[in-house]
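The exercises below concern a single chain. Work through each task before reading its solution.

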Amino acid sequence: MLNFIKNFRRDEDGAVTVDWVVLTAALVGIGVAVVGGVKTQTEDVGTSIATKVSASKLN
């Protein structure tokens, strides 16, 4: 049992997987933040364009 614990402690096979999971989670978080910031600006621009198009149709 002691050998198993020593081998488990020295084993680094899963370390790369953990690194990839952390990096992927960080990229997903950054992507969500960017989409959240761009979404509000895009909605504002779309509303502005719709208002101008509606105003031009009336003239």
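**Exercise 1.** In which helix is the place of F4? Then classify F4 as buried, partly exposed or exposed, and state which nonpolar surface patch includes F4.

Solution. The model is a predicted one.
- Step 1: F4 is placed in helix α1, which covers residues 2–10.
- Step 2: The relative accessible area of F4 is 54%. Exposed means over 50%, so F4 is exposed.
- Step 3: F4 joins M1, I5 and F8 in a nonpolar surface patch of about 540 Å².

**Exercise 2.** Locate A50 in the secondary structure, assign its exposure class, and give its separation from E12 in sequence and in space.

Solution.
- Step 1: Helix α2, spanning residues 15–58, contains A50.
- Step 2: The relative accessibility of A50 is 41%. The partly exposed class lies between 20% and 50%, so A50 is partly exposed.
- Step 3: From A50 to E12 the sequence separation is 38 residues, and the C-alpha to C-alpha distance is 57 Å.

**Exercise 3.** Describe the overall form of the chain from its secondary structure, its radius of gyration, its box and its share of buried residues.

Solution.
- Step 1: The chain has two helices and zero strands.
- Step 2: Its radius of gyration is 26 Å, whereas a compact globule of 59 residues would have one near 10 Å.
- Step 3: Along the principal axes, the C-alpha atoms fill a box of roughly 85 × 10 × 10 Å.
- Step 4: Of the 59 residues, 0% are buried.

**Exercise 4.** What is the accessible surface of the chain, and how far apart are the mean positions of its positive and negative charges?

Solution.
- Step 1: The accessible surface is about 5600 Å², and carbon and sulfur atoms account for 68% of that area.
- Step 2: The chain carries 6 positive and 6 negative charges, whose mean positions lie 5 Å apart.

How values were computed:
Residues are numbered from 1 along each chain as its sequence is written. This is a predicted model: local features need pLDDT of at least 70, side-chain atom pairs count only at pLDDT 80 or more; totals for chains, interfaces and linings use all residues. Side-chain values use heavy atoms; hydrogens and water are left out. Patches are made of residues with over 30% relative accessible area and no salt bridge: like charges are joined within 9 Å, nonpolar side chains (Val, Leu, Ile, Met, Phe, Trp, Tyr) within 5 Å. Accessible areas come from the Shrake-Rupley method with a 1.4 Å probe; for residues, only the protein chains shown count as cover. A salt bridge is a side-chain nitrogen of Lys or Arg within 4 Å of a carboxyl oxygen of Asp or Glu. Helices (H or I, at least four residues) and strands (E, at least two) are DSSP runs, numbered from the N terminus. Buried means under 20% relative accessible area, exposed over 50%, partly exposed in between (1.4 Å probe, protein chains only). The radius of gyration is taken over C-alpha atoms; the globule rule is 2.2 Å times the number of residues to the power 0.38. Lys and Arg count as positive and Asp and Glu as negative; His and the chain ends are not counted. The place of a charge is taken as NZ of Lys, CZ of Arg, CG of Asp or CD of Glu.
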